[in-house]
Amino acid sequence: MDHRPCGLTRRGLIATGVVAALVGTAAAASAAPEDTPTVPENVIVFIGDGMGYNHVASTNLYETGQARYQVLSGPDGKIRTLPGEAVQVYEDWALTNMATFQHGNSYDAGKAWTDFQYINGPATDSAAAGTAMATGVKTTNGATGLDHEGNRVENLTERAIATGRAAGVVSSVPFSHATPASYVAHNADRNDYQGIATEMIGSDVDVILGAGHPEFTDSGERRAEASYGYISESDLARVQDGQAGFDYIEEKADFEALAAGEDVPERVFGLAQVASTLQQGRAADGEETAPYDTPLNDNVPSLETMTAGALNVLEQDEDGLFLMVEGGAIDWTGHANDTARNIEETQDFNASVEAAVEWVESEDTDASWDNTLIIVTADHETGYLAGAGSDPGWTPMEGTAGELPDVDWYSGSHTNQLVPVFAKGVGLETLFARATGTDPVRGGYLDNTDLANFLLDDLWATQPSEGGIEVEAVIPKIGDGEGPGLPGTLVLSVADGKVELGDLRHAGDRLRLDGALPTVSVTDSRAEAAGWSVSGQASALVSDGERTIRAGHLGWTPGLVERQAGVTAGERVRTVMSGGTGLAAAQTLASADAEGRIGTAVLDADLELEVPVDTRDGAYAGSLTVTLFPVD
């Protein structure tokens, strides 16, 4: 992300004059030409988690010294909306508002502007808000992708895929956190991060990018011991090994290459090398009095880079795309009442919107404003950010370019404020027509369920075919070697021969293949010695598609071709799926004492490979190295 100099944004130098106040109503949407398509092929939804009007305004004050959306309570009790100029690219778009309450609550427009503390009442969390915005159904706090009775409901990534489009989610916080989870997963507990991650990885979405790496701290430093909070160890191994069907990336350079359009795969899972947030959680370098006083983590990509990379992947689907991009850490700075880092996070979010605009307007893509809709909004406001001296009335925030604005925070949690909805492109008239609520200060407003339902009910509605479609499926017998999609024979090469693992069998939650190690002979004719030991260690097995089965999935049961006094076979080594360690590290095949060592001993072993039932089919190959150690 670029650190923006005072008074300058990508839009150019911002003048300091004022214009008429912009009032958000449905009427802000202009009529489209008759020959313009009314159904968007591409829909991109940007969610600044916790980003209310004043979060945008605070950032604009820091960048330019002026901002829109400010309100002032007059001595007569009436509230005026103050004028200001656009700073961010989306501020020139059509504008309306959105109510954010969860199931069982409502927004009282009268109380919102007559009682300063009203909006500090019970508010939605990101799971309930995200679910409403992703599915068009209200739910209670804590649930993702379920209605208030616990029933699974369709989300926008699922509808996009059902209509032939590609779909993905991007976030500056853990990929399995509430907002991205609401667009992909269905879980009664938003804090079941590992369960949510498993569902997301097993879904049909094409792009998942975010934070939440177990092996790194919030400052982007490698941990001494991994902490699997947001993804399980087994799921991380699956995506890293290509077993989940994604190309896996984690280094900053790989994200940047994706954003540059280099070797773009069809599906990508990207886990930035940082724990909970890309930047917000990094350790402070002394007292912070301005944004970027503490250098940014230099090993992670920006949200802007992630957005550009995601679009490069999704645009390969000629039928269109759906992408949700979350500036999740705006919310985290609101909870912390941290003005400096709130500006940092909002700037990165704004830059990600600009990346999408550049994608739409690029001559190198098939996208245009005639087939694309971009929405910029929030799931709720966090921190009750307002001007210093507010309560019981409202005062505007003030600021000078390059300095922290004069603001105050009146909550450490979520609020029920209306949030802005900026939109440009095809279909916005259909969305804005749903803004039937009326607020005395902000104007017309949507319900947060409208953000999904205008697509689910209207623009992306699906209809069943007459009489239904006949579906036939043939499930071949496991292990007969016929039919598509079955795991193929696994071939393991070793120095003294070749092991073919076969006889595919189901074993509960896994597939098991068995084989036999070629016999290993040890001949000892030394005059004096204490004995010998033979160990074996396997490499990972790799397919032609570069998918990997780790060595820990291979185990063995050592044996002797003929019993021999003083020679002892090693103990059975179970695979990681059976609670063992497998042959990832050296394991004993056999050993001999001083008397038993003399002559020739012939060793063997039964090999077993255990893999998850969803392991990708194909021929995998690796090696098993057998090593003889003298014991003196």
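Which loop holds proline 392? Proline 392 sits in the loop between β14 (385-387) and β15 (407-409). Strands are DSSP runs of E with at least two residues, helices are runs of H or I with at least four, and both are numbered from the N terminus.

This is a predicted model, in which local features need pLDDT of at least 70 and side-chain atom pairs count only at pLDDT 80 or more, while totals for chains, interfaces and linings use all residues. Residues are numbered from 1 along each chain as its sequence is written, and side-chain values use heavy atoms, with hydrogens and water left out.

**Exercise 1. Describe the protein chain as a whole.**

Step 1: count the elements. The protein chain has 13 helices and 31 strands.

Step 2: look at burial. Buried means under 20% relative accessible area, exposed means over 50%, and partly exposed lies in between (1.4 Å probe, protein chains only). Of the 632 residues, 55% count as buried.

Step 3: look at contacts, meaning heavy atoms within 4.5 Å. Take the contacts with a separation of 6 or more: 75% of them join residues 24 or more positions apart.

**Exercise 2. Work out the surroundings of threonine 372.**

Step 1: place the residue. Threonine 372 belongs to strand β12 (residues 372-377).

Step 2: is threonine 372 buried or exposed? Its relative accessible area is 0%, so threonine 372 is buried.

Step 3: find the partner of its side chain. The side chain of threonine 372 reaches the backbone oxygen of serine 368 at 3.0 Å.

Step 4: list contacts, leaving aside neighbours within four places in sequence. Threonine 372 then touches residues including Pro40, Asn42, Trp359 and Lys424.

**Exercise 3. Describe how helices α1 and α11 meet.**

Step 1: recall the method. Two packed helices are described by the angle between their axes and the distance between the axes. Axes are lines fitted to C-alpha atoms, for helices over the stretch in contact, with angles from 0 to 180 degrees between N-to-C directions.

Step 2: read the values. The axes of α1 (residues 53-64) and α11 (residues 339-361) come within 9 Å and cross at roughly 95 degrees.

Step 3: name the arrangement. Therefore α1 is roughly perpendicular to α11. Angles under 35 degrees count as roughly parallel, over 145 as roughly antiparallel, 65 to 115 as roughly perpendicular and the rest as oblique.

Step 4: name the residues. From α1 come His55, Ser58, Thr59, Tyr62 and Glu63. From α11 come Thr339, Asn342, Ile343, Thr346, Gln347 and Asn350.

Step 5: sort them. The contact has two nonpolar, eight polar and one charged residue. Here Ala, Val, Leu, Ile, Met, Phe, Trp, Tyr, Cys and Pro count as nonpolar, Asp, Glu, Lys and Arg as charged, and the others, Gly among them, as polar.

**Exercise 4. Explain why helix α13 is called largely enclosed.**

Step 1: count. Eight of the 10 residues of α13 (residues 450-459) are buried, so the rest of the structure largely encloses this helix.

Step 2: name some. Among the buried residues are Asp450, Phe454 and Leu459.

**Exercise 5. Examine the backbone at three loop residues.**

Step 1: return to proline 392. The peptide bond from aspartate 391 to proline 392 is cis, with omega near 20 degrees.

Step 2: take asparagine 337, in the loop between α10 (329-336) and α11. Its phi is near 50 degrees, a positive value in a residue other than glycine. Asparagine 337 is partly exposed, at 31% relative accessible area.

Step 3: take tyrosine 384, in the loop between β13 (381-382) and β14. The phi of tyrosine 384 is near 50 degrees. Tyrosine 384 is buried, at 1%.

Notes: Polar contact = N/O pair within 3.5 Å; in protein donor to acceptor, adjacent residues only side chain to side chain.
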